[in-house]
Structures are given as C-alpha cells and as structure tokens.
Amino acid sequence: MTSDRIKIFVVYHRDSPRIERAPFVPIQVGNGAPLGMLRDDTGDNIAAKNPNYCELTAQYWIWKNVKDADVVGLCHYRRIPSFTSDDCAEFSDFSEETCRRFGWTQERISELMRENDILLPPCWAVFPVGEPGNVMSPYDFYARHHRENDMRVALDVIREKTPELADSAERVLLQGTEQCFGCISVMRKSLFDAYSEWLFTVLFEVEKRITLPKNREEARLFGFLAEALLNVWVDYAKRTLGVRVFFGSALPTMNYEGADVRLETQICVPARERVENPLLSVVIPVYNVAKYLHKCLNTVCNQCFEDLEIICVNDGSTDHSREILAAFAERDKRIRIIDQKNRGLGAARNRGIDEACGKYLAFVDSDDWVDRFIWQYSIRKAERLNLEMLLFELDSVSDETGKTLWDPFNKLWIQEECLRKAFFWREWARNPFETNCYAPSRIIRRDFFGQRRFPEGMLYEDAALHFDLLFSARRLGALAFTAYFYRVRKTSLMGVRDLRVLDHLKVIDGVADVLKRNNIFEELEKRFVAYATVLIRKTYAMCPTKECFEAICRWRLSHSDWKWENNPEQRALLNGSQKKYASFCFRSVRHSRPAEKIFEIFPEGRLKTTLVRLAAMFILNRAARKRFRARHLNLDPRFKK
C-alpha cells in the first residue's frame, strides 16, 4: 500500500476553513450553494436523502464511486480524530503545525495503517449530556436523546436481515457502556465497503418501517443511528475477521476565529412557521442592543428544539433593535414582537410572561447567546422527570476580550446523584446560596411560576425570585452542562459603578423575606448571613464612595438582630470605619486587574493610603504583585531600579 492510495473525505455543508492537503479530500453534502469542491450528488448517490442521512450521503458516495484508493475515511469539517497522543479539545486552523500536532499527515496515517485496519475516534463512556457519572448503554442513551422506537426497529432489522451481527448488537448496544461518536472512521477500502453495504441495508429497511419526524433535528435520525451501529459492526469485525483497531486520543472540535461573524451580523435563520400551543415560551427583553441582537436571535431561532415561541419585548429601544427584530420575525414566524415604553428589565420580562402560552418559560438577555441544544436537553429531562424547574450552568464571557471569566456563582456545585433524578433543595450537599441565581440559567414550568413576577425598577431583579422558586419547588432538576453564555460588558446594567449598586441590599432583604415565608430563616441564617456579607462587600467594591459606605452602615445597623460574625469586618461597618472596611472588600475580590485600574476607582484623598494599596495586592497575580510592591512600596530590592 502506497501513501497516495489513502483518501479521507472531510464533509462540508457550509463555507469554513478547509483541509485540502493529502490524504484529506473535502466533499460537500446537502443542497447549499456550491463551495467549489467535490460534491456527493454525482455518480451513484443518495444526496437527496441528506436531511435524514446527514454525512452518510457522503459515505454512500465513497462506497459506490471511489475505486482508486486502498484506504478511505470519513470525517467532519469540525471534528477530526487526533492520531497522536495530543488530547487537546480544540483547534482553530488547518496549518502545517496543527496537522503535524494531531497527526493529520500522510506519513502518520500511513504509519498507523501499516499496523491497523481501522482508525476510530476515542471510545468514551456513555452518559446523558449534563449527567456525568450516570453511565448507561448506547441503547438507553439513544432512547434518552432521540426516539427510542427507531433504535428498537434497527435492532429488529439486524436480527432479521443480518443475524450474524445480532450478538454484536446485543453486546454493544444493550450491554455495553462505551461508544465512538460521530460516524467517523478510516478503514481499508474492502472493510469500508463491507461496513457500508451492511449499514445501508439496515438503514434503508428501517426507513421503510418508520415515519420520519417533522422536527428538522430529529429528522437526522439515520445519522444518529449510524453513530451507534458503527460500533456494532466494528465489534463484529474484531471478533470474526480479526481486524486491528486504533482509537484516537481525542476528537478535537474546530473553533476558528471568525466562526461567529455571520451570526453576529446576518440573519442566519431558515423560514419557519408559527407553532400553535408551543411547549416552551422564550422571553427576550430588548433595549438598545442592535450590536448584539443578531447573534442572540440566531442562536435562539436555530435551536434543535423547535416547539417554541419567541417573545421579544422591545422596551422602548431608540437604536435599530426594532428593525432587526422585524427582519427576524419576517423569516421566523415563531417570533412575536411586543412594544412598550422603556420600563426596565424586570418589567419587560413580566410583560413577556403575561403574553406566554408555553408549558415552560425560559429567559434570554438580548446581548447573550445560547447553545443550540440548551432546550432540547432540558425540556426532555423536565418532561421525563415531571420537573417544576431545571437549572443549568452558564459562562461569563468578556465582551472586550472574548475570554471566559471565572465566576463560581455560574456553577451548580451539585452532587452527581442529584443530576440523575428529581430532587428537593435540601438534598443539595453544598450551600444553596452558592448556586447561580440568574434567570436565564433555567427553565420553569409556567403553572409552577404562577403569579410570581420580577421586581421592577431595580437591578439584580432575579436573585430574590430565584430563591423563592428554589425553596418552593418540590421537583427540581439540573444539568451540569454549560448552555448559556452571558456577555460581560461595561455598558450593561450589570456593569454599573454608582449608587444603584445599593440594590444589592434590596436583594438581601428580598431573600430574607423568602426564607421567612418558607419558615427556614433560622435554619439557614448562618449561611444566609455569609451570603449577605459577600453581597455587601461586592456592593462597596463596585462603588467605593463615602455615600455608598454610609448607606451600607445604616442598612447594617437596621439588621443588627441577624447572627452576623463578630469579626473586624463587621466591627468596621458598625463603627463607621471606611478605611478598614475597604481592605476587607478588596481583599475578597478575585478579578485580575492591573494595579493602575484598581486605583482609578478610588476618589482622591485619604482612601489612597498604603493600607488600601496593600489590600489591593491580593487581587493581582504573583508577578504583578511583585512589580506592584517594588513600584509603590519599595519593599523588594530585586525590583528596584
């Protein structure tokens, strides 16, 4: 076998960076605009079946039309297995360095094929998305995420049409707990032909026996089935043919710069009709976010879950937001636009709730974006377990740098056992005040939400409502899955640095009322007071002025009956010592900022003291801390000029 007899076809359905170096060959599937590459609608083909068969239309074309290769393969343009020991999860280009790093070269693949007959992605333990540790069989996994009957029919067809593979199907699909994902493989051509003949025999027969779903995502069912069936055939080939199999170290995903440019600037939404009696109502308040609205709506409208309505409340926008909404609504009839005078985020959400008719409610802020599977996974779990509210995780992303910002309140900190079932808040092993309280990080059953509404005319309007829902629910659920991306920008309401941050104190009072209504204030008082301490510390850190400090002191004195810690921080508040309290606030801040930025927020005067500078050092990384000490305090002779 010579190296030029290897052809690994990389499937594309949209324009994106291409790998065109041997042995890789780009091939286009689907009916999109021509991309200037080989297409799967020539020769003997099933290209018309692409909406249901996905990348398998390329596999069929390879099987029927490629005669000049000893080794063939099938990969996705965004997912190619690593053929080296590199287990990195992402790549951004197809440069020579990247290809060498992951073994995407003729030399490396030829070397592997001299010792193996099949190259596959990693074989991973199978568990539902967002439920790590809940390991299950591929059959149960398929039934959890897709239509169980399709897999049941496929098993029946295997037993009837190809009984020699029935044992492998039982072993892999019903008894096993591992699987390769993606319909991705590289095989000797003779094996590839044998596998393809078996696979399409099964799938074509399944197609005759079932009704294709109307949902566009679920209509791709033969691609989903083939992911599992590939493992069945490989097991059979290993046991009966003695084939040698190599499993890659990782299946990295392409994340290239500019991948979201179209989402951010264009309407990338297929035409869709309005859904009658939707299962989910998505409420999106909109106010002067024309710069971000395209990406938000593109990700919401292109969800795998389609049984929804999208209620956009235009809260008196004065930029081009209204025009953007209208353009999207013209394409996607599921979008409903409601106009009102500017009344704030809480009022806009409340208006959307009043207009909603779905069984579940979800909230999205108009400058954020969502994962395309966010509601497919969460709604299915909520329906299966009859949940009142389901929580998931989110990421904070800097608008300036595009980098993910660490925030412990974005995570769930929940036991694996709770991820597998419906639970009550007391079953949480961790402190309930440590979980995120952001309205977008959940779906809520509308009848459970009831007559509750968001507070209006204040910041941080979702915190107290979160705890009201949390402590009232009897059937909670969770997914340890980052499905929502919160944009952190200086011009947003969450970025204010003035006396409006005193709304944190209203939040604390609101949460205290919730605890008292549920008769659990005394039970949780110690943890609640710790939560309140963090919030008032954050309040002063965001607005370190005399007026803010005095307001906090007055509020603290009015709540002296709570079980506050008897420590220097609380004594500083009670005694009115702004200088001492400042040190506690900035010592607790964990954001990495340059020292100069830290000092910019202080007013001129006595706050710019050595004590405050020393407190600020705690939020710098080690190297910056050394430079800071040398420059401002002259304590380290190694850094003196």
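## Loops, helices and cores in a predicted model

With a relative accessibility of 70%, Asn519 counts as exposed, since that value lies over the 50% mark. The model behind this value, like everything described here, is a predicted one. Asn519 sits in the loop that links H18 to H19. Its backbone is a bit unusual too: phi is near 55°, a positive value in a residue that isn't a glycine. Most residues other than glycine have a negative phi, and most peptide bonds are trans. Asn386 goes against that habit as well, with a positive phi of about 55° even though it is not a glycine. This asparagine belongs to the loop between helix H14 (374-385) and E17. Asn386 counts as partly exposed, because its relative accessibility is 46%, which falls between the 20% and 50% limits.

Another backbone oddity turns up early in the chain. Ala22 and Pro23 are joined by a cis peptide bond, with omega at about 10°. Pro23 is part of the loop running between strand E1 (6-12) and strand E2 (24-28).

Zooming out, the protein contains 25 helices and 20 strands. Of its 641 residues, 56% are buried. Taking the contacts with a separation of 6 or more, 75% of them are made by residues 24 or more positions apart. Asp368 gives a nice example of residues meeting across the sequence: its C-alpha atom is 7.8 Å from that of Tyr484, although 116 residues separate the two along the chain. Asp368 is in the loop between strand E15 (360-363) and strand E16 (369-370). Being in a loop doesn't put Asp368 on the outside, though, because a relative accessibility of 0% makes this residue buried. Leaving aside residues up to four places away in sequence, Asp368 touches Cys296, Tyr484, Phe485, Tyr486 and Arg487.

Helix H17 (residues 463-472) is a good place to see burial at work. Nine of its ten residues are buried, so the rest of the structure largely encloses this helix. The buried ones are Ala463, Ala464, Leu465, His466, Phe467, Asp468, Leu469, Leu470 and Phe471. What does the covering of these buried residues include? Three strands and helices come up in the first half of the chain order: strand E17 (389-398), strand E19 (442-445) and helix H16 (446-449) are among the covering elements. Strand E20 (476-488), helix H18 (503-517) and helix H19 (521-542) are also part of the cover.

Phe471 from H17 shows up again in the nonpolar interior. The largest nonpolar core holds 73 residues, and Phe471 and Phe528 touch the most other members. H19 provides the largest share of this core, with ten residues. Not counting residues up to four places away in sequence, the contacts of Phe471 are Phe424, Trp425, Pro432, Phe433, Val514, Leu515, Asn518, Ile520 and Leu524. There is also a second, separate core of 58 residues, with Phe9, Ala69, Leu199 and Ala226 among its members.

Next come the helix pairs. Two packed helices are described by the angle between their axes and the distance between the axes. H18 and helix H20 (residues 546-557) pack at an angle of about 15°, and their axes are 11 Å apart. Angles under 35 degrees count as roughly parallel, so H18 runs roughly parallel to H20. Their crossing is right-handed. On the H18 side, Leu505, Ile508 and Asp509 meet Ala551, Ile552 and Trp555 of H20.

Helix H8 (residues 189-209) and helix H9 (residues 221-241) make a second pair, with axes that come within 10 Å and cross at roughly 135°. These two helices are therefore oblique to each other. The crossing of H8 and H9 is right-handed. Among the H8 residues in this meeting are Leu191, Trp198, Leu199 and Val206, while H9 brings in residues including Phe222, Ala226, Leu230 and Trp233. Leu199 and Ala226 are also members of the second core.

Finally, what about the cysteines? A disulfide is a covalent bond between the sulfur atoms of two cysteines. The count for this model is zero disulfides. Cys180, for one, is in no disulfide: the nearest cysteine sulfur belongs to Cys123 and is 4.3 Å away, whereas a disulfide calls for sulfur atoms within 2.5 Å. Cys180 is buried, with a relative accessible area of 2%. Cys99 counts as buried too, because its relative accessibility is 0%.

Key. Residues numbered from 1 in each chain as written. Predicted model: local features only at pLDDT ≥ 70, side-chain atom pairs only at ≥ 80, totals over all residues. Heavy atoms only, no water. Buried < 20%, exposed > 50% of the residue type's maximum accessible area, 1.4 Å probe, protein only. Helix = DSSP H or I, 4+ residues; strand = E, 2+ residues; numbered from the N terminus. Contact = heavy atoms within 4.5 Å. Core = buried A, V, L, I, M, F, W, Y, C linked by side-chain atoms within 4.5 Å. Axes fitted to C-alpha atoms, helices over the stretch in contact; angles between N-to-C directions. Parallel < 35°, antiparallel > 145°, perpendicular 65-115°, else oblique. Left-handed = near helix turned anticlockwise from the far one by under 90°.
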